[in-house]
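Visitor: Please take a close look at the charged side chains in this model and at what can be said about their surroundings. One connected account will do.

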Amino acid sequence: MSIIDEALSANATIASDFDPSLGKPPAPKIAIVTCADPRLSNILPMLGLAEADVDMIRNFGTVIDDDAIRSLVLSTRLLGTREIMIINHTDCGMLRFTDSEMEERLREETGRAPIAPARFYSFTDAEQNTKEQIQKARSHPWLSEDVPVRGFVYDVGTGRLSEVFPGKESVTH
Ligand SMILES: [Zn+2]
């Protein structure tokens with residue numbers, strides 16, 4: 001049985017105890033951009049935040065790309081979130097290869113050269129990379145200057161966050 005089929009079967013059982021109040025329209029207060037890495041899936045309890053208060057935007061490598069911007073603009077302008085938190089992490093898979101290595105490997109494996117993705121956004125330094133993502137979000141004209149954008153590196157070994165500041169030293173909280 002595939003994992004999806006197992007999940008469907010589990011859903012049929014689990015949904016019988018579903019709390020209908022969870023279906024009410026959301027009123028999130030904060031948008032968080034973080035990595036798709038499963039070790040980040042428990043980030044909300046680690047921050048003491050309620051799921052209902054957070055718009056979670058996840059992608060490989062915590063990238064502020066076109067699509068993250070699209071979500072952040074809608075989250076802040078349409079849904080009313082008032083702060084943006086960018087949470088990169090230690091030991092990210094995106095530290096383990098370069099874009100050109102990945103492209104070469106895929107071209108070899110498939111024998112094809114597609115037009116997209118233009119980049120994989122691999123990086124070599126989580127702190128430095130987070131500073132760049134803060135700057136990319138901060139400079140977008142459709143993200144209000146009234147919305148703070150703060151960046152962090154989550155240590156997957158300790159559960160602690162270090163705050164990074166473009167042009168300054170990091171602070172471990
Ligand atoms: Zn990651």
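**Charged pairs and their surroundings**

Guide: D53 is partly exposed, because its relative accessible area of 23% falls between the 20% limit for buried and the 50% limit for exposed. The model is a predicted one. The partner of D53 is K29: the two form a salt bridge in which the closest N and O atoms are 3.0 Å apart. This pair connects distant parts of the chain, with K29 in the loop between α1 (3–14) and β1 (30–35) and D53 in the loop between α2 (43–47) and β2 (54–59), 24 residues apart. K29 is partly exposed too, at a relative accessible area of 39%. A search of the whole structure gives 7 salt bridges, and the K29–D53 pair is one of them. As a general matter, side chains of opposite charge can pair when their charged atoms come close.

Another case is D91, whose side chain meets that of R39 in a salt bridge with an N to O distance of 2.8 Å. Here again distant parts of the chain are linked: D91 sits in the loop between β3 (83–89) and α4 (99–110), R39 in the loop between β1 and α2, and 52 residues separate them. D91 has a relative accessibility of 38% and so counts as partly exposed; R39, at 34%, is also partly exposed. D91 has a second partner in R96, with 3.0 Å from N to O. R96 has a relative accessibility of 56%, which means that it counts as exposed. Taken together with D37, the residues R39, D91 and R96 are linked in a network of salt bridges.

Next, the metal site. The zinc ion has C35 (SG), H89 (NE2) and C92 (SG) as its protein donors, at 2.0 to 2.2 Å. Along the sequence these donor residues follow the spacing C-x53-H-x2-C. H89 and C92 are both buried, whereas D91 is partly exposed.

The strands are the next part of the surroundings. β3 is mostly covered, with 6 of its 7 residues buried. β3 pairs with β1 in the parallel sense over 5 bridges, and V33 stands opposite I86 of β3 in that strand arrangement. β3 also runs parallel to β4, the two being joined by 6 bridges. One bridge there is between N88 and its partner V153 in β4.

Helix α3 comes next. It covers residues 66–77, has 12 residues, and reaches 16 Å from its first C-alpha to its last, close to the 16 Å expected at 1.5 Å a residue. Its buried residues are A68, I69, S71, L72, V73, S75 and T76. The elements that cover them include β1, β2, β3 and α5. On helices in general, residues three or four places apart point the same way, because an α-helix has 3.6 residues a turn.

H140 ties in with this helix. H140 lies in the loop between α5 (126–138) and β4 (149–154). Apart from its neighbours within four places in sequence, H140 is in contact with I69 and V73, and I69 and V73 are among the buried residues of α3. H140 and V73 are 67 residues apart in sequence, while their C-alpha atoms are 9.3 Å apart in space. H140 itself has a relative accessible area of 21%, so it counts as partly exposed.

Notes:
Residues numbered from 1 in each chain as written. Predicted model: local features only at pLDDT ≥ 70, side-chain atom pairs only at ≥ 80, totals over all residues. Heavy atoms only, no water. Helix = DSSP H or I, 4+ residues; strand = E, 2+ residues; numbered from the N terminus. Buried < 20%, exposed > 50% of the residue type's maximum accessible area, 1.4 Å probe, protein only. Contact = heavy atoms within 4.5 Å. Salt bridge = Lys/Arg side-chain N within 4 Å of Asp/Glu carboxyl O. Donors = N, O, S within 2.8 Å, 3.2 Å for Na, K, Ca; no water. Expected span 1.5 Å × (residues − 1). Pairing = 2+ DSSP bridges.
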